Amino acid sequence: MLRLLRDPNLIHPEKLTLLLNIANLAETLGMSCYLVGGSVRDLLLGRPINDLDVIVEGDAIKLAKKLVEVYGGKQTPHFKFRTAFWHVPNSDHVVDLITARIESYEKPGALPMVAPSTIEEDLRRRDFTINAMALRLDGKDMGEVLDPLGGKADLERGVIRVLHPNSFLDDPTRIFRAIRYEVRYGFAIEPETLRLINPNSLKILESLSGERLRNELNLILDENLSAQMMRRVAGLGVLNFIHPKMPEFDQTYSDYLEMDLNLDIESDRRAMGFILWFMDLSEEDIFLLVNRLDFSNEMSLNVWSGAQLKRSLIHLAGSPPSVWTYALEKLPLLAIYAVYLVSHEDALLSYISIWRHVKPHTAGNELKAMGLAAGPRFGEILLRLRSAWLDGEVNNETQEKELLARLMRGE
Ligand code: ATP
């Protein structure tokens, strides 16, 4: 395992030094120190690791304070879970420092109660065997893998297995996590674990907050294979428990998630995902889902706009550019682009790349100089000039001035 840890293709040498410094300091404080969770899993899979989850038997907050004392940077403690983030000085690395702990659930779906404990106990509170391994970083046992739950064998077999039968009842968000790992690694959810994804555990999803559910869906949308994951979510009967109106993700839209926007629209994979996902829903259903998932105003506007625009296409088809432009102007560009992708309506692309930038040359203060008093007529004239440009009625500044003169004469 030391070989993997020292492989610069898997872990950047700078990060390795960081880990070893942390481990040395932990040792001086009498705490044993491990790399844990996803990073151990990915190292064993020969995949490069990004996040560093470090766990100590002792007190992570104390270690974080000491790291700041010795190396600088900043620490953010989280007292309830006795964890801390260490913001490494002069870099954007953040290390997650965890105190080995034991957890118990007061009621299904609730957040757990925690108490400090041993690394072995800590591994037992985790979601799946493949995520329940630890790699010793300090002392003479450095490089040793702790694998009390058979994670390595499951990695080799390619299976996702929970640690105990109540796992999904304790925390049904693990259902989404199982699906993410299964599809991401091309693994299979082990049959007994699969049986535990049933109406008993799914029912608990109904009591989860919108924020927790949305977070899980966001994590799926962040993945390369998100459309396949959403198909699995639907296949396991999860959608109905999120909300009865929750639709399936249209798999023919999956390529659109991978689109690299070459237009000057801020790309946002999550927003794109939800716009596509909800695009064929009625306004009422969107309202219900936006509430259930506790969307921000911005995200709500995105999904509402996508669906609304798709429905309006039939009425807008064949309209002159000015009509398109004024209909689209209030809608988020990303929603317009999403509707373009699924409908191939060229007017939408023309709006995004050309029409929205078309403005008349005449400015408001010129109208004022021409003696026009401020009032609604002002805006009407400017709008009329813009439409003339958009619809090809004027093609140069002279023509615009002529039209303006006619409008000023009230013609
Ligand atoms: P990813 O590659 O998706 O980031 P990860 O394993 O690093 O995978 P995190 O969400 O960062 O995932 O979680 C870190 C570790 O914490 C996991 O490997 C797992 O051991 C544990 N964990 C996270 N969420 C849960 C959960 N809901 N229940 C139990 N253990 C969890």
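The lining of the second largest pocket divides into 7 nonpolar, 4 polar and 5 charged residues. The model is predicted. This pocket has a volume of about 330 Å³. It is lined by 16 residues, and those closest to its centre are Asp 268, Ala 271, Glu 298, Asn 302 and Leu 334. Four helices each supply at least two lining residues: H11, H15 (269–277), H17 (297–316) and H19 (333–343). H17 gives the largest share, with 4 residues.

Now the largest pocket. About 1800 Å³ of space lies in it. Its lining counts 48 residues, and Asp 53, Asp 127, Arg 177, Arg 180 and Tyr 181 are the closest to its centre. Several elements give two or more residues to this lining. The helices are H3 (38–44), H8 (173–185) and H11 (210–221). The strands are S3 (74–78), S4 (83–87), S5 (94–99) and S6 (101–104). H8 makes the largest contribution, 7 residues. Domain 1 (1–153) and domain 2 (158–242) each provide at least three residues of the lining. By residue class, the largest pocket has 16 nonpolar, 12 polar and 20 charged lining residues.

The table sets out both pockets.

| Pocket | Volume | Lining residues | Largest share |
|---|---|---|---|
| Largest pocket | about 1800 Å³ | 48 residues | H8, 7 residues |
| Second largest pocket | about 330 Å³ | 16 residues | H17, 4 residues |

H11 gives two or more residues to the lining of the largest pocket, and H11 also supplies at least two to that of the second largest pocket.

Next, the ligand. It is surrounded by 15 residues, of which Arg 41, Arg 126, Asp 171, Arg 174 and Arg 184 are the closest. Polar atom pairs can be listed by residue. For Arg 41, a side-chain N or O atom is 2.9 Å from an oxygen atom of the ligand. For Asp 171, a side-chain N or O atom is 2.8 Å from a ligand nitrogen atom. For Asp 127, the partner is a backbone N or O atom, which lies 3.1 Å from a nitrogen atom of the ligand. On its own, the ligand has 590 Å² of accessible area, and the protein covers 74% of this.

Asp 127 links two parts of this account. It is among the residues closest to the centre of the largest pocket, and its backbone pairs with a ligand nitrogen atom at 3.1 Å.

Key
Residues numbered from 1 in each chain as written. Predicted model: local features only at pLDDT ≥ 70, side-chain atom pairs only at ≥ 80, totals over all residues. Heavy atoms only, no water. 1 Å grid on protein atoms, 1.4 Å probe; cavity = no way out; pocket = protein on both sides within 12 Å on 5 of 7 lines; lining within 4 Å. Points joined across faces, edges and corners; volume = space filled by probe spheres on them. Nonpolar A, V, L, I, M, F, W, Y, C, P; charged D, E, K, R; others polar. Domains from an automatic or database assignment. Near = heavy atom within 4 Å. Polar contact = N/O pair within 3.5 Å; in protein donor to acceptor, adjacent residues only side chain to side chain. Areas by Shrake-Rupley, 256 points an atom, 1.4 Å probe, with all protein chains shown as cover.
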